[in-house]
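Hello,

Here is the structure we talked about handing over, with my notes below it. Have a look at it first, and then read on for what turned up.

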Amino acid sequence: MKNLATKFENLTIQNDFIFKKVMSRKRICIHLLEELLQIKIADINYLEAEKSLEPEYTSRGIRLDIIVADDRNTHYNLEMQVKNNKNPDTKKHVLPKRTRYYQALLDIDLLQNSQEYDLLPPTYVIFICVFDFFAKGNYVYTFKKRCLEDLELELPDEATTIILNTHGTHGNISKDIKSFYDYVNNHVINSDFTKQIDDEISYLKLDTKVRREFMLLEARLLDERREGKAEGRVEGKAEEKNAIATLMLAKGCYSLQEISELTKLSIEDIEQLEKEMHATE
């Protein structure tokens with residue numbers, strides 16, 4: 001608990017928990033969107049902070065940091081990305097396909113049963129990255145669908161993906177967005193906007209309910225990681241036992257009882273392995 005308390009005191013805007021709490025303040029979230037997109041927003045509604053979307057039990061669930069809808073029914077998903085993760089198996093970065101998945105699940109959630117497709121509202125999936133994914137130095141990378149045969153022809157699906165690069169060096173952004181980048185990167189307070197954000201974080205850290213919420217969340221996540229590791233070890237041992245039993249069956253000089261005694265597998269499990277071996281022959 002002491003380590004969690006220290007961790008809580010050291011949280012910054014880069015942390016998902018704090019980012020969600022800060023962006024749950026309308027004035028801050030609206031101003032960030034207005035400055036980024038150069039639009040005016042009268043009001044926003046929070047559809048559910050850190051919403052978990054799981055359309056099917058076989059699908060990969062995700063937790064979205066912030067989902068809001070403005071007064072024109074445009075929907076925004078804001079995400080803080082600190083690590084440029086790779087799939088350990090494919091060695092490929094996951095960010096591009098992650099944005100695609102987020103957009104797909106947002107659309108599924110927004111379109112109710114029996115509604116027409118044209119009722120899908122405009123959406124913005126916005127990733128605030130503390131790294132330059134494309135290594136081009138842009139402050140902002142904005143993506144829409146365009147025709148390869150005619151790049152001036154845009155598919156009007158009203159879905160936009162924006163990847164922000166807080167370490168960018170060029171492009172057109174407002175002073176407040178630049179100050180927001182400086183604050184995210186180095187905790188530099190050089191505008192009224194970042195002063196509001198920093199004051200909000202200071203206030204959050206004094207709130208005992210917020211502190212308790214963070215500690216409970218961290219404890220739950222720690223339990224989930226421990227359970228996952230334990231399940232992984234169990235699965236690994238089971239696979240190892242199956243592999244040994246399969247090798248013993250292949251040699252043909254061990255009885256089912258002997259294999260069971262050595263691997264601790266049941267006779268039924270070993271018989272099933274034997275059937276699977278013959279099925280592949």
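**What lines the second largest pocket**

The lining of the second largest pocket breaks down by class into six nonpolar, four polar and three charged residues. Please keep in mind that this is a predicted model. The pocket in question has a volume of about 350 Å³. Its lining counts 13 residues, and those nearest the centre are P96, T99, R100, F143 and T161.

Where does the largest share of that lining come from? Helix α4 provides it, with five residues. Both α4 and β8 contribute at least two residues each to the lining. Two of the residues nearest the pocket centre, F143 and T161, also face each other in the sheet, as F143 stands opposite T161 in β8.

**The cavity**

You may also want to know about enclosed space. How many cavities of 30 Å³ or more does a search of the whole structure find? The search finds one, and the space in this largest cavity comes to about 40 Å³. Around it sit Q81, K83, N84, N85, V94, L95, R98 and F131. By class, this lining splits into three nonpolar, three polar and two charged residues.

**The sheet behind the pocket residues**

Now for the strands. A quick reminder: strands of a sheet pair through backbone hydrogen bonds, in either the parallel or the antiparallel sense. Here six strands make up an open sheet with mixed pairing, in the order β1-β4-β5-β6-β8-β7. Its edges are β1 (44-46) and β7, each of which pairs on one side only. On average, and ignoring direction, neighbouring strands of the sheet are turned by 20° against each other.

Two helices pack on this sheet. Helix α2 (residues 16-23) touches β1, β4 (66-70), β5 (75-81) and β6, and its direction makes about 145° with that of β5. Helix α4 (residues 95-110) touches β4, β5, β6 and β8, with its direction at about 145° to that of β6.

Going through the pairings:

- β4 and β5 are antiparallel, with four bridges, and I67 stands opposite N77 in β5. Their hairpin has four residues between the strands, and N73 takes a positive phi near 70° there.
- β5 and β6 are parallel, with seven bridges; L78 stands opposite I126 in β6.
- β6 (residues 123-129) and β8 are parallel too, over seven bridges, and C129 has N165 in β8 as its bridge partner.
- β7 (residues 140-143) and β8 run antiparallel and are joined by four bridges.

**Two enclosed strands**

Why can β8 be called largely enclosed by the rest of the structure? Seven of the seven residues of this strand (residues 159-165) are buried, so the rest of the structure largely encloses it. The burial covers both faces: A159, T161, I163 and N165 lie on one side, and T160, I162 and L164 on the other.

Strand β5 can be described in a similar way: seven of its seven residues are buried, so β5 is largely enclosed by the rest of the structure. On one side the buried residues are H75, N77, E79 and Q81, and on the other they are Y76, L78 and M80. Q81 from this strand is also one of the residues lining the largest cavity.

**The chain as a whole**

For context, the protein chain has nine helices and eight strands. Of its 281 residues, 37% count as buried. Among contacts in the chain with a separation of 6 or more, 57% are between residues 24 or more positions apart.

If you would like a place to begin in the viewer, try F143 and T161, since both the pocket notes and the strand notes mention them.

Best wishes

Technical notes:
Residues numbered from 1 in each chain as written. Predicted model: local features only at pLDDT ≥ 70, side-chain atom pairs only at ≥ 80, totals over all residues. Heavy atoms only, no water. Buried < 20%, exposed > 50% of the residue type's maximum accessible area, 1.4 Å probe, protein only. Pairing = 2+ DSSP bridges. Axes fitted to C-alpha atoms, helices over the stretch in contact; angles between N-to-C directions. Contact = heavy atoms within 4.5 Å. 1 Å grid on protein atoms, 1.4 Å probe; cavity = no way out; pocket = protein on both sides within 12 Å on 5 of 7 lines; lining within 4 Å. Points joined across faces, edges and corners; volume = space filled by probe spheres on them. Nonpolar A, V, L, I, M, F, W, Y, C, P; charged D, E, K, R; others polar.
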